[in-house]
Amino acid sequence: MGSKSAIAKWVVDNLPPADTWIEPFAGGCAVTHAAILSGKYKRFIINDITDSAKVFLDAIRGKFKAESRWISRADFFKLKETDAYVRLCFSFGNDQRTYCYGADIEPYKRAFHYAVFFNDLRPFQELGVDIPAETLSNKNSIYEKRMCLKKLLIRLRSEKHAGDLQSLERLQSLERLQSLERLERLERLQSLQRLVVTQGDYRDVGIPTGNCVIYCDPPYRGTAGYLNEFNHEEFYEWAARQSSCFISEYDMPDCFRLVAAKSKNVTLAANSNNKKLEGIWVHKCRANNMNGRLFNI
Ligand SMILES: C[S@@+](CC[C@H](N)C(=O)[O-])C[C@H]1O[C@@H](n2cnc3c(N)ncnc32)[C@H](O)[C@@H]1O
């Protein structure tokens with residue numbers, strides 16, 4: 001629901017370049033990551049009310065390099081308060097509260113994890129899915145193993161495991177494995193020195209004067225809350241006062257103008273998907289001053 005991974009690059013492509021990128025609701029930092037990779041910004045100020053932005057910095061510094069644990073539903077609820085890897089990589093849409101897999105799909109995800117991380121095909125066998133032992137030989141990276149297994153499973157499913165593996169296809173995005181891959185890529189950014197990370201309320205983020213882009217992806221209106229209740233009216237007032245503030249939302253009050261929009265698959269629950277129009281918005285007064293800096297209007 002809250003994850004921006006799938007559209008992070010699109011978001012950044014639709015924002016103007018600037019000296020400083022500021023993301024007060026950085027969450028799992030998918031969009032900050034895309035902003036770093038874009039080369040459009042020199043400095044980054046990222047914040048979240050939870051420790052997720054700090055975890056991003058830890059990831060860049062390599063803290064999770066050796067991480068390969070499988071986290072079951074029971075592990076998740078036991079460990080999530082104290083273990084950021086568990087809380088972020090195994091929560092549904094990174095909401096940090098709910099386990100990411102439905103009970104029906106969890107055994108398949110576990111089997112996939114064991115195969116990819118430990119070359120252990122026994123959990124698949126226990127589920128009645130025979131994967132030839134040689135499938136993963138010569139495959140070194142997690143990405144290669146994942147892709148190879150995925151192809152094989154899709155073929156097996158169409159041949160004989162249609163019922164069993166249908167739900168695996170439904171969650172083809174393999175969200176958690178993608179999170180791990182993202183961590184791997186972040187580790188390559190270790191040398192990045194221009195990143196300021198804070199934990200706190202968005203109103204306390206120090207906005208420097210000068211050429212900035214403030215990108216806000218607050219909790220969506222009318223969706224289940226993150227860890228805190230969120231006052232949208234106050235946020236709109238705050239956003240209206242900022243000079244270059246872009247907001248991701250489905251819908252906004254009339255004083256904001258839509259500058260780009262994209263259809264997005266929204267996973268509302270483990271078993272249901274929906275399409276929504278994701279927008280990037282800017283306050284009308286500011287939009288008038290920014291003509292020429294905005295794309296795709
Ligand atoms: C939709 S998510 C952001 C996702 C993010 N764009 C990404 O790429 O992963 C919204 C984030 O706002 C954070 N949040 C909620 N209330 C906040 C507040 N008052 N100040 C700062 N962050 C807040 C939540 O912890 C959550 O991580």
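**Exercise 1. Decide how far helix H3 (52-60) is enclosed by the rest of the structure.**

Step 1. Start with the ground rules: this is a predicted model, in which local features need pLDDT of at least 70 and side-chain atom pairs count only at pLDDT 80 or more, while totals for chains, interfaces and linings use all residues. Residues are numbered from 1 along each chain as its sequence is written, and side-chain values use heavy atoms, leaving out hydrogens and water.

Step 2. Fix the terms. Helices are DSSP runs of H or I with at least four residues, strands are E runs of at least two, and both are numbered from the N terminus. Buried means under 20% relative accessible area, exposed means over 50%, and partly exposed lies in between (1.4 Å probe, protein chains only).

Step 3. Go along H3 and pick out its buried residues: Ser-52, Ala-53, Val-55, Phe-56, Leu-57, Ala-59 and Ile-60.

Step 4. Conclude: seven of the nine residues of H3 are buried, so the helix is largely enclosed by the rest of the structure. Just for orientation, H3 is followed by Gly-62, which has a positive phi, near 95°.

**Exercise 2. Find the residues with the most contacts inside the largest nonpolar core, and the element with the largest share of it.**

Step 1. A nonpolar core here is a set of buried Ala, Val, Leu, Ile, Met, Phe, Trp, Tyr and Cys residues joined through side-chain atoms within 4.5 Å.

Step 2. The largest such core has 31 residues, and Leu-15, Trp-21, Tyr-41 and Ile-46 have the most contacts inside it.

Step 3. Among the elements that give two or more residues to this core are H1, H2, H3, strand S6 (256-269) and strand S7 (272-283). H2 has the largest share, with five residues.

**Exercise 3. Describe how the protein surrounds the ligand.**

Step 1. Count the shell, taking a residue as near if one of its heavy atoms lies within 4 Å. The ligand is surrounded by 23 residues, and the closest are Gly-28, Asp-48, Asp-201, Tyr-202 and Asp-217.

Step 2. List the pairs of N or O atoms. Backbone N or O atoms of Ala-30 lie 3.1 Å from a ligand oxygen, and for Val-31 the distance from a ligand oxygen to a backbone N or O atom is 3.2 Å. The side chain of Glu-23 has an N or O atom 3.3 Å from a ligand nitrogen.

Step 3. Check the cover: on its own the ligand has 610 Å² of accessible area (Shrake-Rupley method, 1.4 Å probe), and the protein covers 97% of this.

Step 4. Trace the elements: helix H2 (30-38) and strand S2 (43-48) each give two or more residues to the shell.

**Exercise 4. Compare the surroundings of three salt bridges.**

Step 1. A salt bridge is a side-chain nitrogen of Lys or Arg within 4 Å of a carboxyl oxygen of Asp or Glu. The whole structure has 13 of them.

Step 2. Asp-217 and Lys-4 pair at 3.1 Å, N to O. The two residues are 213 residues apart, with Asp-217 in the loop between strand S4 (212-216) and helix H10 (232-241), and Lys-4 in the segment before helix H1 (8-13). Both are buried, and a network of salt bridges links them with Glu-278.

Step 3. Glu-81 and Lys-80 pair at 2.8 Å, N to O. Glu-81 is exposed because its relative accessibility is 60%, while Lys-80 is buried at 12%.

Step 4. Arg-122 and Asp-120 have their closest N and O atoms 2.9 Å apart. Arg-122 counts as exposed at 53%, whereas Asp-120 is buried at 13%.

Conventions:
Polar contact = N/O pair within 3.5 Å; in protein donor to acceptor, adjacent residues only side chain to side chain.
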